[in-house]
Amino acid sequence: MTLISTATLAVKAATLLIGKLAIIPIIIAALAYYNYDLMDPENQPKVTKNLRKEYDFVVVGGGSAGSVVVNRLTENPGWSVLLLEAGGHETEITDVPILSLYLHKSKLDWKYRTQPQDSACQAMVDRRCCWTRGKVLGGSSVLNTMLYIRGNRRDFDQWESFGNPGWGYDDILHYFKKSQDQRNPYLARNTKYHSTGGYLTVQDSPYNTPLGIAFLQAGEEMGYDIVDINGEQQTGFALYQYTMRRGTRCSAAKAFIRPIQLRRNFDLSLWSHVTRILIDPRTKRARGVEFIRGGRREVVHARKEVILSAGAINSPQLLMLSGIGPRRHLEELGIPVIHDSPGVGQNLQDHIAVGGIIFPIDYPISIMLDRVVNLNSALRYAITEDGPLTANVGLETVGFISTKYANRSDDWPDIEFMLTSSSVNSDGGTHVKNAHGLTDEFYNEVFESINRRDVFSVFPMLLRPRSRGFLKLRSSNPLDYPLMYHNYLTDPYDIDVLREGVKAAIAFGQTSSMRRFGARFHSHPVPNCKRIPLYTDEYWNCAIRQYTMTIYHMSCTAKMGPRTDPMAVVDPELRVYGVNGLRVIDASIMPTITSGNINAPVIMIGEKGADLVKEQWWHESRTNATIGS
């Protein structure tokens with residue numbers, strides 16, 4: 001397609017959009033046709049129609065970890081690998097950074113919702129949190145905000161201290177670097193922490209508002225350094241690093257699966273909903289999986305291993321459906337128990353933040369869709385691959401700070417500031433409100449007065465929650481969603497830390513760096529907390545339980561640990577206890593959640609997990625060769 005036709009499509013799409021923001025996806029669908037082979041040199045991988053009856057490895061789930069696993073295992077041409085994914089392909093709309101929230105509750109989303117609980121999410125419809133998860137090749141990396149944050153050195157050293165050798169920071173740094181193609185030349189030169197040439201493109205945002213740099217200045221004003229948050233020091237402020245490539249999303253599928261689609265030992269089956277793992281009850285060995293494709297139940301066998309990379313909800317669900325889980329729970333549902341594993345579905349952890357910390361400003365510089373999506377920005381995006389359409393829903397800058405509950409002399413902060421040049425009111429209470437699940441009543445009372453006003457927002461995120469949730473099966477029907485209990489803020493420590501994070505966020509908005517934009521805190525009292533004197537600790541304790549935002553980092557539900565840990569589901573090699581030939585390689589295996597957004601750590605887990613598989617089977621082949629000689 002020529003540049004002229006590219007521009008023509010962009011113009012037509014933008015013309016359709018002007019005055020009709022509700023049809024914003026049309027512009028993106030049209031833009032996606034521009035020089036598509038230049039933007040994305042790998043076409044969508046083809047689906048295998050006729051599957052073999054048996055493969056060496058069957059990988060369940062094509063998300064961030066599963067995409068890495070199939071890439072690395074198919075490096076061995078002697079191994080056959082099948083990837084089963086419940087969703088379909090990415091779309092053109094998923095490529096565009098500014099539209100990520102439009103993907104929530106779409107056909108690419110599992111649309112999970114937690115059970116109603118009084119401890120949090122009180123401003124949400126039915127008091128239920130919306131847990132967006134990607135039902136698509138590439139998983140949640142197709143729906144997320146593309147933030148590349150590895151976590152803190154101490155997180156991984158702690159994993160190792162729990163009895164997981166090989167998982168300390170010095171061991172796993174190699175796997176972060178193995179994936180990475182760092183496009184920031186300054187960071188790329190720091191070879192100790194970054195690398196180039198990997199499958200996963202990491203770059204700075206092609207577009208920032210004036211607020212992005214002002215956020216850095218405000219952080220310095222509060223006494224923090226400007227740092228590389230994925231380098232030597234985490235505490236401090238930085239512009240975000242993104243999993244983007246030339247202004248478009250670099251999902252795990254784009255990074256790891258498209259480049260291997262011509263490998264003859266790789267088969268892909270989409271729209272394939274796995275219903276259970278086939279386990280020989282006598283030998284307790286995983287032999288394959290059962291799945292539904294095209295309305296028919298099918299079976300495929302694995303010669304070596306079944307690998308679950310279905311995520312922190314679906315992996316434990318599949319384990320329990322297959323007879324691996326808490327004995328009493330399985331027996332109540334009439335599921336034959338293969339192995340009593342009480343930790344399956346337990347230890348659920350997530351990052352939450354407080355929504356609604358908003359600061360109106362006096363200048364038209366924030367990200368508002370009905371202003372930034374226009375003919376000029378459409379052409380700029382189509383021709384130069386930058387501009388406001390590459391803005392990541394306003395997420396520009398990150399800050400890692402320590403409250404009074406953290407050791408300030410130690411580089412292990414307990415709050416992450418997610419700093420945005422937009423907020424829930426920036427689209428007039430439409431898509432963002434819907435994505436977050438807010439009730440109309442709550443939104444209208446608190447935010448209607450600042451609809452489509454220029455603002456910035458601070459989302460203080462709790463980095464290491466002590467509260468633990470859980471999930472369990474609703475029934476033995478594999479198509480029934482599991483029951484999910486978040487248990488947010490059930491540990492008083494979490495309330496205390498988040499409250500101090502809110503206070504710090506308000507102080508941040510009152511720095512001179514932000515006041516020069518006319519910033520002032522939007523101080524509308526929160527419903528259900530009006531009886532309490534404003535801005536007291538008691539008031540904030542109440543307010544935090546209202547607009548409780550999940551950051552969609554569900555994890556830790558099939559945790560890794562030594563055999564002496566009765567709640568450990570997998571060993572440090574990620575092999576499931578009690579069953580041979582079965583591993584879990586995804587966010588489920590985290591013993592504790594990492595200090596930051598978790599997509600980068602999940603990709604690291606995929607890299608290391610694949611190496612663990614390779615090492616085991618390399619040793620077995622050497623042993624068999626020795627015995628046979």
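**Close-up 1. Lining of the second largest pocket in the predicted model.** In this predicted model, the second largest pocket is lined by 15 residues, and those that lie nearest its centre are Gln158, Trp412, Arg464, Arg466 and Tyr493. The volume of the second largest pocket comes to about 280 Å³. Sorted by class, its lining holds 5 charged residues alongside 6 nonpolar and 4 polar ones.

**Close-up 2. The largest pocket and the domains that line it.** The largest pocket holds about 370 Å³ of space. Its lining is made up of 17 residues, with Tyr186, Leu187, Val227, Asp228 and Ala238 lying nearest the centre of the pocket. Two of the elements involved are the helix α7 (185-188) and the strand β7 (236-239), each of which supplies at least two residues of this lining. At the level of domains, at least three lining residues are drawn from domain 2 (42-90 + 136-199 + 246-311 + 313-344 + 556-589 + 597-628), and at least three also from domain 3 (109-133 + 205-239 + 350-368 + 384-550). The lining of the largest pocket divides by class into 9 nonpolar, 5 polar and 3 charged residues.

**Close-up 3. The second largest cavity.** The count of cavities of 30 Å³ or more in the model comes to 8, and the second largest of the cavities encloses about 170 Å³ of space. The second largest cavity is lined by 17 residues, among which Gly355, Gly356, Ile357, His524 and Val526 are the closest to its centre. Two or more residues of this lining come from each of the helices α15 (440-447) and α18. By class, the lining of the second largest cavity consists of 12 nonpolar and 5 polar residues, with no charged residue. Spaces of this kind can be found because rolling a probe the size of a water molecule over the atoms shows where empty space is left.

**Close-up 4. Strand β21 and its two pairing partners.** Strand β21 covers residues 455-462, and 8 of its 8 residues are buried, so the strand is largely enclosed by the rest of the structure. The side chains alternate along the strand: Val455, Ser457, Phe459 and Met461 point one way, whereas Phe456, Val458, Pro460 and Leu462 point the other way, and the residues of both sets are all buried. One partner of β21 is strand β18 (residues 358-360), with which it pairs in the antiparallel sense over 3 bridges; within this pairing, phenylalanine 359 has phenylalanine 456 of β21 as its bridge partner. Another partner is strand β20 (residues 415-420), which runs antiparallel to β21 and is joined to it by 6 bridges. Here threonine 420 has serine 457 of β21 as its bridge partner.

**Close-up 5. The disulfide between cysteine 121 and cysteine 129.** The model contains 2 disulfides, and with the bonded cysteines counted along the chain they follow the pattern 1-2, 3-4. In one of them, the sulfur atoms of cysteine 121 and cysteine 129 are 2.0 Å apart. The torsion about this S-S bond is about 105 degrees, so the disulfide of cysteine 121 and cysteine 129 is right-handed. Cysteine 121 has a relative accessibility of 1% and therefore counts as buried, and cysteine 129, likewise at 1% relative accessibility, counts as buried as well.

**Close-up 6. The disulfide between cysteine 529 and cysteine 542.** A disulfide joins cysteine 529 to cysteine 542, with an S to S distance of 2.0 Å. The angle about the S-S bond is -85 degrees, and the link of cysteine 529 and cysteine 542 is left-handed. Cysteine 529 lies in the loop between α17 (512-515) and α18 (537-543), while cysteine 542 belongs to helix α18, so the pair ties together parts that are 13 residues apart in sequence. Both cysteine 529 and cysteine 542 are buried.

**Close-up 7. Cysteine 250 and cysteine 556.** Cysteine 250 has a relative accessible area of 2%, which means that it is buried, the cut-off being under 20%. Cysteine 556 takes part in no disulfide, and the nearest cysteine sulfur, which belongs to cysteine 129, is 17 Å away. With a relative accessible area of 0%, cysteine 556 is also buried.

Definitions and conventions: Residues are numbered from 1 along each chain as its sequence is written. This is a predicted model: local features need pLDDT of at least 70, side-chain atom pairs count only at pLDDT 80 or more; totals for chains, interfaces and linings use all residues. Side-chain values use heavy atoms; hydrogens and water are left out. A disulfide is a pair of cysteine sulfur atoms within 2.5 Å. Buried means under 20% relative accessible area, exposed over 50%, partly exposed in between (1.4 Å probe, protein chains only). Helices (H or I, at least four residues) and strands (E, at least two) are DSSP runs, numbered from the N terminus. On a 1 Å grid over the protein atoms alone, a cavity is a set of points where a 1.4 Å probe fits but cannot get out, and a pocket is an open set with protein on both sides within 12 Å along at least five of seven lines; lining residues have an atom within 4 Å of a point. Grid points are joined across faces, edges and corners, and a volume is the space filled by probe spheres set on the points. Ala, Val, Leu, Ile, Met, Phe, Trp, Tyr, Cys and Pro count as nonpolar, Asp, Glu, Lys and Arg as charged, and the others, Gly among them, as polar. Domain bounds come from an automatic or database domain assignment. Two strands pair if DSSP finds at least two bridges between them.
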